[in-house]
Amino acid sequence: MKSKKKIAKSVNRNIVFTPDAPKAIGPYSQGVALKKLVFFSGQLGIDPQTGKLCGTTCSEQTQQVLKNIDALLSSQGLTAANVVKTTVFLTDMANFSEMNTAYAEYFNFEPPARSCIAVAALPMNALVEIEMIATL
């Protein structure tokens, strides 16, 4: 028999949600705001209206990922300038250049710190996922 753990609720913790970005496809939030930082869950290139991946190329999916990121930031009154760290997950490092081109267009001034990691697979067979941390 599994025991249920209670999660302490913090008065400084706010859950981020906007219908302008895809709903979580698992037991997680779109993001969590804590004091002066907002931690956003990884975004796939999902169209929030259809729930399906946009495009078949890494470039197309990255562009949708960045639209989703922009919607999440906007929901908190933030912009790309508030992002301090991103982590990019690619299923194939051969797609790095495509992702990087779209990424550079979005973060076109003083980009945040970034890591890029190759992974075996992503949900929905996506090619790219990006998570971020922003400051208020």
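A residue is taken as buried when its relative accessible area is under 20%, and in this predicted model Tyr106, with a relative accessible area of 19%, is therefore classed as buried. Phe107 likewise has a relative accessible area of 5% and so counts as buried, and Tyr103 is buried as well.

These three residues, Tyr103, Tyr106 and Phe107, form one aromatic cluster, and two aromatic pairs are found in the structure. In the pair formed by Tyr103 and Phe107, the ring centres lie 4.7 Å from each other and the planes enclose an angle of 45°, an arrangement described as tilted. The pair of Tyr106 and Phe107, by contrast, is edge-to-face, with 4.8 Å from centre to centre and 90° between the planes.

The packing of two helices was also examined. Helix α1, spanning residues 58–75, and helix α2, spanning residues 96–106, have axes that come within 8 Å and that cross at roughly 30°; because angles under 35 degrees count as roughly parallel, α1 is described as roughly parallel to α2. The crossing of the two helices, α1 and α2, is right-handed. On the side of α1, the contact is made by Cys58, Ser59, Thr62, Gln63, Leu66, Ile69, Asp70 and Leu73, while α2 contributes Glu98, Met99, Ala102, Tyr103 and Tyr106. By residue class, the contact of α1 with α2 comprises eight nonpolar, three polar and two charged residues. Tyr103 and Tyr106 thus appear in the helix contact and, together with Phe107, in the aromatic cluster.

Key. Residues are numbered from 1 along each chain as its sequence is written. This is a predicted model: local features need pLDDT of at least 70, side-chain atom pairs count only at pLDDT 80 or more; totals for chains, interfaces and linings use all residues. Side-chain values use heavy atoms; hydrogens and water are left out. Axes are lines fitted to C-alpha atoms, for helices over the stretch in contact, and angles run from 0 to 180 degrees between N-to-C directions. Helices (H or I, at least four residues) and strands (E, at least two) are DSSP runs, numbered from the N terminus. Angles under 35 degrees count as roughly parallel, over 145 as roughly antiparallel, 65 to 115 as roughly perpendicular and the rest as oblique. A crossing is left-handed if the near helix is turned anticlockwise from the far one by less than a right angle, and right-handed if clockwise. Contact means heavy atoms within 4.5 Å. Ala, Val, Leu, Ile, Met, Phe, Trp, Tyr, Cys and Pro count as nonpolar, Asp, Glu, Lys and Arg as charged, and the others, Gly among them, as polar. Rings of Phe, Tyr and Trp (its six-membered ring) pair if their centres lie within 6.5 Å; planes under 30 degrees apart count as stacked, over 60 as edge-to-face and the rest as tilted. Buried means under 20% relative accessible area, exposed over 50%, partly exposed in between (1.4 Å probe, protein chains only).
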